[in-house]
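This report describes a single protein chain, taking its charged pairs, its sheet, its helices and its pocket in turn. The sequence and the structure are shown below.

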Amino acid sequence: DEAFPTFLDAMVASGAGYARVYIDWNSIQPVENGPYNWSFYDQRLPRINAAGMGLIATVTNAPVWAVEATFPCAYIINQVDAYYAFLDAIHQRYPYIKVWEILNEPDAIPGYRCGAGVMNYGYAGPQYAALLQGAYTRLKALDPQAKVILGGMAYDHFVDEDPNNKFNRYFIDEVINSGAAPY
């Protein structure tokens with residue numbers, strides 16, 4: 001909190017045009033059907049916007065009530081309508097967000113950073129493709145100028161090279177083959 005104003009000034013002085021902001025669904029709505037708590041973001045996002053920077057909203061870290069654990073530490077959003085409603089709520093609160101990143105490192109496989117907000121879609125390319133398609137459709141209906149992008153992928157440390165690694169080399173192929181390319 002103390003460093004934020006200095007950090008924001010430094011970002012602006014650097015000439016950066018965008019700030020990538022991790023929007024943590026779990027911290028905003030930890031209880032199913034509970035209220036949204038925007039306090040952390042209300043103190044920062046308007047200031048970033050007022051400084052003239054664009055925002056890339058990386059919307060991730062689904063709460064426990066919204067995920068299905070298919071393996072130990074394999075988190076896939078199964079309450080997708082709640083995720084889309086959350087996107088709607090973010091858009092309504094911060095209409096100046098124009099770039100939306102759907103999850104972070106979705107190519108992670110089960111066991112990667114358990115409990116740290118990582119959705120492990122590495123072996124669930126078709127499910128991620130469906131989530132991305134739905135998010136794109138929803139966000140473009142709210143704002144035709146919005147950009148919806150694939151979650152930033154690690155695309156390294158492939159499990160096929162070493163079983164201790166945590167990313168699926170073929171995840172992007174599975175997502176594209178599942179029809180997500182137009183989204």
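## Salt bridges

In this predicted model, a search of the whole structure returns six salt bridges. One contact between side chains of this kind joins R20 and E101, with an N to O distance of 2.8 Å. Because R20 belongs to strand β1 and E101 to strand β5, the pair ties together parts of the chain that are 81 residues apart in sequence.

Side chains of opposite charge can pair when their charged atoms come close. R20 is also found elsewhere in this account, as one of the residues that line the largest pocket.

## The parallel sheet

Four strands make up an open sheet, and their order is β1-β2-β5-β6. The pairing throughout this sheet is parallel. Strands β1 and β6 (147-152) form the edges, each of them pairing on one side only. On average, and with direction ignored, neighbouring strands are turned by 25 degrees against each other.

Within the sheet, strand β2 (residues 54-60) pairs with strand β5 (residues 99-104) in the parallel sense, over four bridges. At the level of single residues, V59 has I102 of β5 as its bridge partner. Strand β5, which holds E101 of the salt bridge with R20, is thus a recurring element of this description.

## Helices on the sheet

Helix α5 (residues 80-93) lies across three strands, namely β1, β2 and β5. The helix runs at about 145 degrees to β5.

Helix α6 (residues 125-142) also packs on the sheet, where it touches β5 and β6. The direction of α6 makes about 160 degrees with that of β5.

## The largest pocket

The largest pocket has a volume of about 210 Å³. Its lining consists of F4, F7, M11, A19, R20, V21, Y22, F40, Y41, R44, L45 and I48. Two or more lining residues come from each of the elements α1 (4-14), β1 (18-24), α3 (39-42) and α4 (45-50). Strand β1 gives the most, with four residues.

Sorted by class, the lining has ten nonpolar residues, two charged residues and no polar ones. Strand β1 therefore has several roles in this description: an edge of the sheet, the location of R20 in the salt bridge with E101, and the element that gives the most to the pocket lining.

Note on methods:
Residues are numbered from 1 along each chain as its sequence is written. This is a predicted model: local features need pLDDT of at least 70, side-chain atom pairs count only at pLDDT 80 or more; totals for chains, interfaces and linings use all residues. Side-chain values use heavy atoms; hydrogens and water are left out. On a 1 Å grid over the protein atoms alone, a cavity is a set of points where a 1.4 Å probe fits but cannot get out, and a pocket is an open set with protein on both sides within 12 Å along at least five of seven lines; lining residues have an atom within 4 Å of a point. Grid points are joined across faces, edges and corners, and a volume is the space filled by probe spheres set on the points. Ala, Val, Leu, Ile, Met, Phe, Trp, Tyr, Cys and Pro count as nonpolar, Asp, Glu, Lys and Arg as charged, and the others, Gly among them, as polar. Two strands pair if DSSP finds at least two bridges between them. Axes are lines fitted to C-alpha atoms, for helices over the stretch in contact, and angles run from 0 to 180 degrees between N-to-C directions. Contact means heavy atoms within 4.5 Å. A salt bridge is a side-chain nitrogen of Lys or Arg within 4 Å of a carboxyl oxygen of Asp or Glu.
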